[in-house]
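Colleague: Please take one part of this model and look at it closely. Then carry on to whatever connects with that kind of contact.

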Amino acid sequence: MRALQELLGASKVLGTRDELLVYEYDGAVDTATPDAVALPESTADVALLAKYCHEHDVPIVPRGAGTGLSGGAIPVEGGVVVSFARMARILEIDVPNMRAVVQPGVINLHLENATAPYGLHFVPDPSSQKACTLGGNVAENSGGPHTLAYGVTTNHVTGLEIVLSDGSVVRLGGKAIETEGYDLVGAFVGSEGTLGLVTEATVKLTPLPEEKRTLMAAFATMDDASETVSAIIGAGIVPSAIEMMDQLATQAVEASVHAGYPLDAGGILLVEVDGARDGLDESRARIEAICREHGARTIRVAASALERERLWAGRKGAFAAMGRLSPDYYVQDGVIPRTRLPEILRLVKEAGERHGVRIANVFHAGDGNIHPLIMFDLRNGPEELDRAKEASIDILTACIEAGGSLTGEHGVGMEKNCYMPLQFAPADLAAMRRVKESFDPAGLMNPGKIFPTPSRCREFSLAATR
Amino acid sequence: MPRIQPRGDAVTATALQAIPANAEDCAELLVRASRERRTVRIAGGSTKSYLGDARETDIELGTMAIAGIVDHVPADLTITVRGGSPLADVASALAVAGQFLPLDPPHGERATVGGVIAANANGFWRARYGGVRDLLIGTRTALADGSVVRSGGRVVKNVAGYDLNKLLVGSLGTLGVIVEATFKVLPLPAARDGRLGRFENAADAFAAADAILRAPARAESIAIARRDGAWILLVEARGDAPAVGRCVADAEREVRSRGGSTDAFAGGLRDLRELPERATDGALVRLALPLAAQARLAETAVSLDTFRELAADAASGIQRMHLVGEDDRVVADADALLLAARAVGGSGRVERRAQRLRARLATWSARPHGEVLMRRVKDAFDPAGILEPGRSVLAP
């Protein structure tokens, strides 16, 4: 720590026990204490730091706002946590080129607010957008409710400045839609801090939709709601968002946010269409008709921006509202082809019953990206967390068997790295390792993430072979 | 074991042709070639063999037998196809279900899925629907070590592990052979319409294009060409009828407010898209530009003595300029355009040139950002360097 202070200046390094405690956590359930925390103020600081760590064989763990849900910012193998809290400037809003150039610590919502006056926005809007940073979005390839029509972070990044683990600074891409050679920007986005540190990102800005129509439909059962999702897509409508919530989640949300969701509904859909105002009412009417055909009991169309915000506040505040139901929860992020929704939701329910845990569901139905919130109470002992994890393994296994994925937007991190062999064959992982070694031959960037580690994953591999 | 046969075709510099029957055969062929240090060229529809500075290879690996639809669940809006499948076959299969893969690359009638991915071949639809990199959600690839690896999957949202798909898009076959691909698809739009605008100068044409790009009803294509001394703006919209109507009405207004004249849309996009197909003489320069730099570069191109044709995707900042004339002039003008593109923060390549110019005019005149990393990636995937030598921007 003293060496780091000499290198960067005392004000940019934290190292006392109390200071480090704050950096033990992120939005997931695992914790680990860093050896030191660095707060760089420039790319040069980051490069110096990386070079130092490289010379001394110290792991580097980047951290944005710590809202990640897979333990990505946890220094599981110790080392220096690099917080980007002081690299939080929007460097440029380039309206003619429809790009913004930002430092990694810029908060997603701040960028949205800064670009709105120009009629533009950065599309990915994770539920944590009030806190999460662009650097974190790039690392995790974050999504959000509106990715169904507009894509995830990787579809909206054209350039990066990164610092590699040896301290070299590399610029990739730029403001144009593509550059010559391999698409290293594309390979980097979603690499969860394991390939390098983002020190600057150039992102696309997209025109704001002229108008939106948002409707909430309440169904007797989750099956009805999920069949409605397939029917909407099947009718050739691609809404900008289709979100779903079960009764347990609805009750928690209503208790905290009062979004106006009916408490007796078995399943709630929130559907939004946007774009030019022309034809939007027709689309909305078609969606309403499909909802009714599938047994919707209540349909509410937001009549004002305020009502729309209220409907969305329920959805975006859903994870936070879980505190009403349980002191702790564990959220999963599996993906399945959307036509398999009804079946996977039944499997989720069964997994909860089998392991004796309550599970609420709030998720991106249009993408087939489920978010089972598995509740537990650590005050009752660590075995509750174990049961939550067992239920989640069952759920993820079912997702993969249905042709899906372990994670749609939260990342693998240290939470699901042991499960990667469920989805990928050894050769697939070996190919990913080649990319890892190309960027970070020293293996110092965010170790213990994405790839299964022999020490931590032994238990799981044994369980899987039993 | 795949067949390897001497090739009778005297035109090609390739001695042997191999047509693996499936992914595993393909991988086996690659590992054998690696071991024997025999170089490999990959051929799908052979529509874009002009790309890069490809050298002679020992083997031409044809992907035509690795073809067919693997899976298509219409309600999931995804399709999985084998790499050697012609894009046209994919389009027909999707049309039956009222869907389409929103890619409109050049040579679309004969190009294969694998070739379109490897060449990152996009058309004018890119700004509206996304390009190859945005629509491709999963791949299986045969690698030089004999493995067949999967990246991504069949779901539209997926962040498990690195996105190797992105590395394959535009890799020009230098990392492996794409044997299977999964794409996002869309319902076929119900209505279509378009407008043609005619301008005296480039600035007005590109300003109108920019306004249309930012308009609420999104156009499917916003293209600019140069014809008979005028700048021609081609705007086409597809979608629900009310939105298409609005798009066209707005486009008409944007054209007129800048002093342009409008006309009914009578096609013409296909002709622009296929510029690479007919640019067999001289040099075809392809640039990727920041949006605001487009007018200036287009004007520069048109002012050159060797200028023959321009095809610009004004919604994405991609421009193709066909230069024809005395060899010395073509070489100098192509270099000048590439330099100008770099000066405004863009990049580019000589996409195609006459056979006799290949020795004088390299595809790339500058090294890309991140070249060291690209080289490491290439060496990690193809340590023996057998795949498509010279094809990519990486120095040999």
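Colleague: What is the relative accessible area of Arg86(A)? Start there and build outwards.

Modeller: This is a predicted model, and everything below is computed from it. Arg86(A) has a relative accessible area of 36%, so it counts as partly exposed. Its salt-bridge partner is Glu41(A), with the closest N and O atoms 3.3 Å apart. Glu41(A) sits in the loop between strand S2 (36–38) and helix H3 (43–56) of chain A. Arg86(A) sits in the loop between strand S4 (80–83) and strand S5 (90–94) of chain A. The pair therefore ties together parts that are 45 residues apart in sequence. Glu41(A) is also partly exposed, at 37% relative accessibility.

The general idea is simple. Oppositely charged side chains can pair when their charged atoms come close. Over all chains, the count comes to 72 salt bridges.

Now two pairs in chain B. Glu109(B) and Arg270(B) meet through their side chains in a salt bridge, 2.9 Å from N to O. This pair links distant parts of the chain, 161 residues apart. Glu109(B) lies in the loop between strand S7 (99–100) and helix H3 (113–118) of chain B, and Arg270(B) in helix H9 (residues 269–273) of chain B. Glu109(B) is exposed, with a relative accessible area of 54%. Arg270(B) is partly exposed, at 46%.

Next, Arg154(B) and Glu180(B) form a salt bridge, 3.8 Å from N to O. Arg154(B) is in the loop between strand S9 (148–152) and helix H6 (164–168) of chain B, and Glu180(B) is in strand S10 (residues 177–184) of chain B, so parts 26 residues apart in sequence are tied together. Arg154(B) is partly exposed, at 32% relative accessibility. Glu180(B) has a relative accessible area of 11%, so it is buried.

Back to chain A, for a buried strand. Five of the five residues of strand S18 (residues 372–376) of chain A are buried, so S18(A) is largely enclosed by the rest of the structure. In a regular strand, side chains alternate between the two faces of the sheet. Here Pro372(A), Ile374(A) and Phe376(A) point one way from S18(A), while Leu373(A) and Met375(A) point the other way.

S18(A) has strand partners too. Strand S16 (residues 328–331) of chain A runs antiparallel to S18(A), joined by four bridges. Within that pairing, Tyr330(A) has Ile374(A) as its bridge partner. Strand S17 (residues 359–364) of chain A is also antiparallel to S18(A), with three bridges. There, Ala360(A) stands opposite Leu373(A).

Technical notes:
Residues are numbered from 1 along each chain as its sequence is written. Chains are lettered from A and ligands numbered from 1 in the order in which they are written. This is a predicted model: local features need pLDDT of at least 70, side-chain atom pairs count only at pLDDT 80 or more; totals for chains, interfaces and linings use all residues. Side-chain values use heavy atoms; hydrogens and water are left out. Buried means under 20% relative accessible area, exposed over 50%, partly exposed in between (1.4 Å probe, protein chains only). Helices (H or I, at least four residues) and strands (E, at least two) are DSSP runs, numbered from the N terminus. Two strands pair if DSSP finds at least two bridges between them. A salt bridge is a side-chain nitrogen of Lys or Arg within 4 Å of a carboxyl oxygen of Asp or Glu.
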